[in-house]
Structure formats: structure tokens, C-alpha cells
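Reader: I am a first-year student, and I would like a careful, close look at one topic, that of pockets and cavities. Please explain each term as you go.

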Amino acid sequence: MMKKYRLILYLWISLFATTLIAIDITSDFSIDGHLLGIHSALYQNNNHKSAFDVASNLTVTYDLSKELKTTLQLQGGAGESNLGLQGPSMQVTDLSIEYQLDKTFTLCFGSFDTPFGQETHYLSNNADTFAEVFVLNDLSYEAFAGFMGTLNTLGIKVEKRLPWADIIASISNGSGENAVNEDNNYGTVLQVASSKLLPKTRASFTYWKSDDTADQQSEQSNSFNTNLDAWMLDAVFTHHSHKFSGYLALFTFADNLAATNDKVSSYAVAYSYKWQKYQLGLRISQWTPKDHSGDGQGVSVGIKSPGLNTSRTIDDRCTRYQVAFSYKLKKELLWIAELINDNYAHANKSLRIVSGLNVHF
């Protein structure tokens, strides 16, 4: 399997090298990436499961002009990851054209991360954990992006900077990451963020609507297969080396059945401190279905159920505690470690410990 992985990676690198020679790209062309080696240990229901894992990201950017650039990202790994990492073959996860009309307006066409909340910019992205001290996502972002990922979508995204706020709007195929769009509906996201409301604080409001109920007809769809309606109010406060952040969110996973409860409320509060090459993070998040009786009945089948315990029911309340630590051994080399403790209203507690090395090249 690893031979197949190395062969595919070699073929991609060979293709890029051939392209460089053919079109004589110099400073306008750049390649960077990340390699991650990580160990994960999971403790739940008196059982212990641990494994080593690897992942890689390769990002290719070509600036055709000062206003126009294209981006291609490939992600891979060993396969069968218990952290949801890509693999075993390399996958195209980002492919976009970005056009900057002026200093205040940018248009992106192709694939991009669903801009739901400010935390999107700080999520781990397969082999890349450099953006934030936390390795695993909090419960809301895990619900739609997995343990260590972002929710990629296909469509058009515009970003506009105004004197009082920054606005992001997108239209896409919906909550899926591929091109399946059975009912011809489009998902929409609108985010308004401002740093003018409070000192040293950036606050935002995001609304997300995506009706993907018809995608159930397609075996190829990886969307939520539900009528999603969601909003998030979040804020980030920074002062010197201290960072406080948090959000409140409400999700509706409608299944068009009056007898089921479709709503989930969620929140997260986090603190991180950076000192020289060290960084420490503390975070608590909670995921609470409106019906959290734990009997597995009376809720929408489309409701997401994030958490470590694999025997949990979809209508259980979960509270996650995270303690994270990182140390930069070198500018391009990061040591990461995190403890994640999930507590349930009706299921057993689960504990995960991860640690590893992350390289940026």
C-alpha cells in the first residue's frame, strides 16, 4: 500500500517538474506542503485502541498576474485513519481560481473551505496543524468537518472589505465536498465580521443554509442529506500573547417530519497563550440536541453526532474538554500534543491523547 502511495506521489511531483520546464515558471510558481507523523490513543468503555498515523499536504500555487492566481492542493496518508486523515491515495482537495479585483474585493471560483465562523481559518487541515495550538476540532466543527479537517465545498466565494466590516458570501453545491447536486439546490453562506465593535475584539455573525435532502438518491453524495439551517455568533479577543475566543451556534437538521426534533445548540470557549516557542491551549465545547434523552428516538435522522465514543446515540449531549500544547523545535518543525476528554449525559466518558511532529516545507 505504501509503495502505491509513494508511486502516486512520485508521479505528481514528476508532472509538476515537467510543467515547470515546459512553461518556464520562475518566481510566480510556488510549492509548499506539510508532513505529519502522529500517534493517537483512545480509551473508552474499558477498551484501549492506539495507532501511529501519517499524512501529507502538497500545495501548488501559480500567480498568473498580481490579481489572478490558481491553487491546487493534494492530500494523502496511510489510509484507514482513526483520525479521519486522507489516504491511502493522494486526493485533490483544493482546486480554485482566485481573482482580486482590487484591494477590497476578492472572487474565488472552485473549491474552498465553507466559511462558517471565524474558527474555519484555524482548523487543522489533514497534515497541517500550524494554524492553531488545538489539534482536534471542537464538537461543532467536528460535526461537519471531522476530527482534523475542514468542510470543503464547490462554488463561488466573494470577500469584500468595508470600512466598518468584512463580508464573505458564498454559493456552492451545498454541504457535500464533491460535485453531486441532485436537486439543483445551492448552499449559501453569509458572514459579516467587524473589529470596530469592541477593543481588541473581532466579532462575526454567520448564516448557513443548505438543502441537500435530495442527495439521498445518490450513492456518490457525501453531503449531510438534510435541510440544514444554521447560524453562529462568535468573537475573538487578543491581547499581547493571550487569545480568548468563543461562539454560540444553533443548527437545524430538518427531515420534514413534524414528529422529530431537528435542532441542536452548541457553544465553545477557548483560551490560548503563546510564549516564545511554546503555546498552550484550553477549550471546552458542548453539543446539545433539543431532544437529548439518549434513547436514539424522536430526533431527525440527519442530526450529526460528534464525539469520541463510538457507541453513543445521536440524541446524547456531549461536552468536550481539550488541553493542547505545542513547541516549535525549529521554524519548520512543530511538536504537538493534546488531551481530549468527552463527557456524555448517557454514554461512557471517552479519552483521546494525541502527539506528534509536524513539518512545514
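Author: Let us begin with a single side chain before turning to the empty spaces: Cys-318 is buried, with a relative accessible area of 1%, where buried means under 20%, exposed over 50% and partly exposed in between, computed with a 1.4 Å probe on protein chains only. Cys-108 is buried too, at 6%, and the count of disulfides comes to zero, a disulfide being a pair of cysteine sulfur atoms within 2.5 Å. The model is predicted, so that local features need pLDDT of at least 70 and side-chain atom pairs count only at pLDDT 80 or more, while totals for chains, interfaces and linings use all residues. Residues are numbered from 1 along each chain as its sequence is written, and side-chain values use heavy atoms, with hydrogens and water left out.

As a setting for the spaces, the protein chain has two helices and 16 strands, which are DSSP runs numbered from the N terminus, helices being H or I with at least four residues and strands E with at least two. Of its 361 residues, 46% count as buried, and the C-alpha atoms fill a box of roughly 65 × 50 × 40 Å along the principal axes.

Rolling a probe the size of a water molecule over the atoms shows where empty space is left. On a 1 Å grid over the protein atoms alone, a cavity is a set of points where a 1.4 Å probe fits but cannot get out, whereas a pocket is an open set with protein on both sides within 12 Å along at least five of seven lines, and lining residues have an atom within 4 Å of a point. Grid points are joined across faces, edges and corners, and a volume is the space filled by probe spheres set on the points.

The largest pocket holds about 830 Å³ of space. Its lining has 27 residues, and nearest its centre lie Thr-71, Asp-94, Asp-113, Asn-125 and Lys-157. At least two lining residues come from each of β1 (29-44), β2 (47-63), β3 (68-77), β4 (91-102), β5 (105-113) and β6 (152-161), and β5 gives the most, with four. By class, this lining divides into six nonpolar, 13 polar and eight charged residues, where Ala, Val, Leu, Ile, Met, Phe, Trp, Tyr, Cys and Pro count as nonpolar, Asp, Glu, Lys and Arg as charged, and the others, Gly among them, as polar.

The second largest pocket has a volume of about 570 Å³. It is lined by 28 residues, of which Gln-86, Thr-93, Thr-150, Asn-152 and Glu-177 are the closest to its centre. Here β4, α2 (139-145) and β6 each supply at least two residues, with the largest share, five residues, coming from β4. This lining has 11 nonpolar, 14 polar and three charged residues.

Turning to the enclosed spaces, a search of the whole structure finds five cavities of 30 Å³ or more, and the largest cavity has a volume of about 120 Å³. Among its 16 lining residues, Glu-119, Val-236, Ser-245, Gly-246 and Tyr-247 are the closest to its centre. The strands β10 (227-239), β11 (242-254) and β12 (263-275) each contribute at least two residues to that lining, and the largest share, four residues, is from β10. Nine residues of the lining of the largest cavity are nonpolar, three are polar and four are charged.
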